[in-house]
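This note is offered to a colleague who is opening the model for the first time. The numbered points begin with a term that is needed later, then treat the whole chain, and then take up selected residues in turn.

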Amino acid sequence: MSRRVVITGLGVCAPNGVGLTDFTQSLLEGKSGIRHQPILEKLGFGCQIAGEPLVKDNLIDNYFTPLERRGLNATGIVYGVIAGVDAWKDAGLKKNETEEPSWDRGILFGTGILGVDKFREAIHLIDEGNVRRLGSTSVIQTMASGISAYIGGLLGCGNQVTTNSAACTTGTEGIIMAYDRISHGKAEIILTGSCSDSGPYVWGGFDAMRILPRAYNDNPSQASRPMSASASGFVPGSGAGALVLESLESARKRGAHIYAEVLGGEINSGGQLGEGSMTAPNSIAVQRCIRNAILNSGIEASEVDVINGHLTATAKDALEIENWSMALNRSGKDFPFINSFKGSIGHCLAAAGSIESVATILQFQEKVVFKNVNCDDIHTQIQSLISEDCIPRKTIIHTPRIIAKASFGFGDVNACVIFKAYFD
């Protein structure tokens with residue numbers, strides 16, 4: 001028998017809000033965190049907008065000592081530490097300050113590219129023959145597992161401390177991996193999440209692929225348009241989200257606040273076969289991922305009442321809706337409510353799944369389904385599959401019972417997790 005797993009803490013560092021309070025309010029209002037980026041204009045980018053968290057220096061001082069801040073030039077680590085520490089505190093947990101690690105507590109924090117600005121800085125120093133000026137933190141700031149190692153040491157965790165990386169699927173994949181470890185009795189508490197760096201060296205490759213919108217540089221908040229006929233590409237973003245997953249027994253014993261229960265999930269790949277490629281999904285794999293997530297969670301497809309999709313504001317949005325419809329065998333007015341948060345935060349790449357999962361779970365607490373920003377002109381192909389009423393254009397009052405959250409990433413990789421409202 002697998003153990004029940006619940007969510008007891010949330011943290012977020014997102015383009016539209018740093019911290020749960022600001023983030024929640026922005027979601028309720030549909031406030032955008034997508035802004036013009038002068039550095040992208042200076043460098044001649046076609047798309048000169050992005051979603052980047054606004055983190056003030058005095059806030060960073062709450063998470064890093066003056067010594068730790070010396071030479072700190074990895075935005076992903078900053079975002080990840082803020083989100084991770086906040087989630088830990090939100091769960092009512094404290095840093096382990098004993099001589100022995102907390103053997104039943106671990107970290108599973110993912111990323112795509114970490115410390116790219118620090119890496120660039122290091123390359124120039126090395127090429128100039130100034131290797132001694134690299135500093136003692138250049139390694140941890142640029143290695144992929146630097147974020148999990150940093151948080152693991154900060155909190156004194158002795159269980160598995162690791163980093164996963166699966167492009168845009170990273171955050172959602174991490175939740176399922178943490179769930180598996182706890183449900184099988186290998187840990188009691190795991191802080192899971194993901195982060196993504198900001199800046200031109202992360203976003204430049206996508207601009208070169210011409211898959212970002214170029215007509216909204218003077219109107220950033222309108223640029224990201226999931227499920228819309230006028231969608232013209234995804235807006236790059238960055239930040240971090242974090243969740244504390246915990247066995248139900250541990251949470252009850254601590255008297256912890258429980259946001260929701262994780263019922264299960266599925267991770268797979270389309271193998272870049274058939275219609276699948278590095279950048280396009282294999283629909284057979286996507287549908288299989290959704291169906292197996294439902295099967296693994298012990299529920300029926302008819303019980304899903306809300307979906308938070310991947311839905312990046314590209315030509316593939318209609319295909320994603322079709323895949324959901326076929327996987328659930330539901331269409332028209334029978335389809336669940338569905339939303340995408342990318343209209344207000346952009347596509348936060350490796351951080352997308354975790355930031356969006358935090359937002360997804362907040363819907364249980366707020367008893368709402370958050371609005372779809374910029375979805376004023378629903379794509380005609382989507383209209384032929386599901387009712388417009390299933391795509392809220394305003395935040396609606398609703399008490400979600402079961403929410404399916406999915407991410408589909410570069411490399412034809414997929415993850416779908418099922419959350420359920422918790423009833424004691």
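1. A residue is called buried here when its relative accessible area is under 20%, exposed when the value is over 50%, and partly exposed in between. V235 has a relative accessible area of 0%, and therefore counts as buried. The model under discussion is predicted.

2. On the overall fold: the protein contains 16 helices together with 15 strands. Its C-alpha atoms occupy a box of roughly 65 × 55 × 40 Å along the principal axes. For 424 residues, a compact globule would be expected to have a radius of gyration near 22 Å, and the 20 Å found for the protein agrees with this.

3. On burial and long-range contacts: of the 424 residues in the protein, 60% are buried. Among contacts with a separation of 6 or more, 79% are accounted for by residues 24 or more positions apart.

4. On the surface and the charges: about 16,900 Å² of the protein is exposed, and carbon and sulfur atoms supply 51% of that area. There are 37 positive and 43 negative side chains, and the centres of these two sets lie 2 Å apart.

5. V235 deserves a further look. This residue belongs to the loop between helix 10 (200-208) and strand 8 (239-247). Which residues does V235 contact, leaving aside its neighbours within four places in sequence? They are I34, I49, A50, G51, P213, A223, S224, G346 and H347. In addition, V235 and I211 are 24 residues apart along the chain, and their C-alpha atoms are separated by 8.9 Å.

6. N372 is another loop residue to examine; its loop runs between strand 12 (368-369) and helix 16 (380-383). Is N372 buried or exposed? The relative accessible area of N372 is 3%, so the residue is buried. The N372 side chain reaches the backbone oxygen of I338 at 3.1 Å. I338 also appears among the contacts of N372 beyond four places in sequence, together with M227, N339, S340, I391, P392 and R393.

7. Two residues may be noted for their backbone angles. L311, although not a glycine, has a positive phi of about 35°. It is placed in the loop between strand 10 (306-308) and helix 13 (317-328), and its relative accessibility of 0% is why L311 counts as buried. D412 likewise is a residue other than glycine with a positive phi, near 65°. The loop that holds D412 connects strand 14 (402-409) and strand 15 (413-420). With a relative accessible area of 1%, D412 is buried.

8. A421 lies in the segment after strand 15. Its relative accessible area is 9%, and the residue is therefore buried. Not counting residues up to four places away in sequence, A421 touches F364, P400 and R401. The C-alpha atoms of A421 and Q363 are 9.7 Å apart in space, while the two residues are 58 residues apart in sequence.

9. E261 is part of strand 9 (residues 260-269). At a relative accessible area of 7%, E261 is buried. What joins the side chains of E261 and R4? It is a polar contact of 2.9 Å. Leaving aside neighbours within four places in sequence, the contacts of E261 include R4, V5 and V6, and also I418, F419, K420 and Y422.

10. R252 lies in helix 11 (residues 248-254). R252 counts as partly exposed because its relative accessibility is 47%, and partly exposed values fall between the 20% and 50% limits. Beyond four places in sequence, R252 is in contact with R4, Y422 and D424. For R252 and D424, the C-alpha atoms are 9.5 Å apart in space, with their positions 172 residues apart in sequence.

11. Points 9 and 10 may be read together. R4 and Y422 are among the contacts of E261, and R4 and Y422 are also among the contacts of R252. A reader inspecting this part of the model may wish to display E261, in strand 9, along with R252, in helix 11.

Note on methods: Residues numbered from 1 in each chain as written. Predicted model: local features only at pLDDT ≥ 70, side-chain atom pairs only at ≥ 80, totals over all residues. Heavy atoms only, no water. Helix = DSSP H or I, 4+ residues; strand = E, 2+ residues; numbered from the N terminus. Rg over C-alpha atoms; globule rule 2.2 N^0.38 Å. Buried < 20%, exposed > 50% of the residue type's maximum accessible area, 1.4 Å probe, protein only. Contact = heavy atoms within 4.5 Å. Areas by Shrake-Rupley, 256 points an atom, 1.4 Å probe, with all protein chains shown as cover. Lys, Arg positive; Asp, Glu negative; His and termini not counted. Charge placed at Lys NZ, Arg CZ, Asp CG, Glu CD. Polar contact = N/O pair within 3.5 Å; in protein donor to acceptor, adjacent residues only side chain to side chain.
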